[in-house]
Amino acid sequence: MAESHLPLSDFIAYSEQEMLNRAKANYLAVKRRHSIRKFSNKAVPKEIIEQCILAAGTAPNGANHQPWHFVAINSPDIKAQVRHEAEALEQAFYQGKAGEEWLNALKPLGTNANKPYLEEAPWLIAVFSQKRQQLEEGEQKTNYYVHESVGIATGFLLQALHHAGLGTLTHTPKPMSFLSKVCGRENDNERPYMLIVAGYPAEDATVPTHALEKKPLDEIASFI
């Protein structure tokens, strides 16, 4: 029996000039997204974060299993736990665990083991990947292309947060298993994928000059 399909009814056709204008406008808008490490503690309404997560949930994914879960952290106590655990890992990282080559690559960004923004920013969003799909009947099905699917959804989330007017930072301490405990997601089906810091930039927020150096089109694309 063939699966049911519905007509594509919400696609909007633009003229080629309008398409180009929209592509340029999007590029200029996304060009303003920067990873920042100084956040204001100004509150951000939960409803804004909810809409951004809904946008992330529309990302293409393997077999439409949507193998992700987002934990939006606003609690000062939980943010303090995240910072404590993350900084413990970062201390080891910057004291040599990362290796000289990696540490040299990070020097132009001015990063270090101290992560005050993990408490200062109003929201931390922990992204989890799921190996299996939980069905209502208690059964489970294998998820497919999990890493790729969650990566795309995370990109959608970053774009949505930026589009809403928030500053962001991606944070990937290694290992990230402490997030499972802190977020109450300790199970065999899920793994922490990324931590996203979101909020308003602090008044003295800066962007490393190095981070503004983007490769030109001819280095990142080929047309054949």
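This report describes a predicted model, moving from its nonpolar cores to its helix packing, cysteines, selected residues and unusual backbone geometry.

## Basis of the description

Residues are numbered from 1 along each chain as its sequence is written, and side-chain values use heavy atoms, with hydrogens and water left out. Because the model is predicted, local features need pLDDT of at least 70 and side-chain atom pairs count only at pLDDT 80 or more, while totals for chains, interfaces and linings use all residues.

## The nonpolar cores

A nonpolar core is here a set of buried Ala, Val, Leu, Ile, Met, Phe, Trp, Tyr and Cys residues joined through side-chain atoms within 4.5 Å; buried means under 20% relative accessible area, exposed means over 50%, and partly exposed lies in between, with a 1.4 Å probe and protein chains only. The largest such core has 22 residues, of which Ile 49, Phe 70, Ile 125, Leu 157, Leu 161 and Ile 196 touch the most other members. At least two residues each are supplied by α2, β1, β2 (123-130), α6 (146-164) and β6 (190-199), and the largest share, seven residues, comes from α6. These element names follow DSSP runs numbered from the N terminus, with helices (H or I) of at least four residues and strands (E) of at least two.

A second core, separate from this one, has 20 residues, including Ile 73, Ala 86, Leu 124 and Phe 128. Back in the largest core, Leu 161 touches Ile 49, Cys 52, Ile 125, Leu 166, Thr 168, Ile 196 and Ala 198, not counting residues up to four places away in sequence, where contact means heavy atoms within 4.5 Å.

## Packing of α2 against α6

Helices α2 and α6 pack at an angle of about 145 degrees, and their axes are 8 Å apart. The axes are lines fitted to C-alpha atoms, for helices over the stretch in contact, and the angles run from 0 to 180 degrees between N-to-C directions. The crossing of α2 and α6 is right-handed, a term that applies if the near helix is turned clockwise from the far one by less than a right angle, whereas an anticlockwise turn makes a crossing left-handed.

On the α2 side, the contact is made by Ile 48, Ile 49, Cys 52, Ile 53, Ala 55 and Ala 56, and on the α6 side by Ala 153, Phe 156, Leu 157, Ala 160, Leu 161 and Ala 164. Glu 47 also lies in helix α2, but this residue is exposed, with a relative accessible area of 51%. Glu 47 is 158 residues from Ala 205 in sequence, and the two are 25 Å apart in space, C-alpha to C-alpha.

## Cysteines

A search of the whole structure finds zero disulfides, a disulfide being a pair of cysteine sulfur atoms within 2.5 Å. For Cys 52, the nearest cysteine sulfur is that of Cys 183, 18 Å away. Both residues are buried, Cys 52 with a relative accessible area of 4% and Cys 183 at 15% relative accessibility.

## Two buried polar residues

Thr 168 lies in strand β5 and counts as buried at 0% relative accessibility. A polar contact of 2.8 Å joins its side chain to that of Arg 33; such a contact is a pair of N or O atoms within 3.5 Å, where within protein one must be able to donate a hydrogen and the other to accept it, and residues adjacent in sequence count only if both atoms are side-chain atoms. Beyond residues up to four places away in sequence, Thr 168 touches Arg 33, His 34, Ser 35, Ile 36, Phe 39, Leu 158, Leu 161 and Val 197.

His 65 is placed in the loop between α2 (46-56) and β1 (68-73), and counts as buried at 15% relative accessibility. The side chain of His 65 makes a polar contact of 3.0 Å with the side chain of Asn 143.

## Backbone geometry in two loops

Most residues other than glycine have a negative phi, and most peptide bonds are trans. Ala 63, in the loop between α2 and β1, has a positive phi of about 60 degrees, and Asn 64, found in the loop between α2 and β1, has a positive phi of about 55 degrees. Ala 63 is exposed, with a relative accessible area of 54%, and Asn 64 is exposed at 52%.

The peptide bond from Lys 174 to Pro 175 is cis, with omega near -10 degrees, and Pro 175 is placed in the loop between β5 (167-171) and α7 (178-182).
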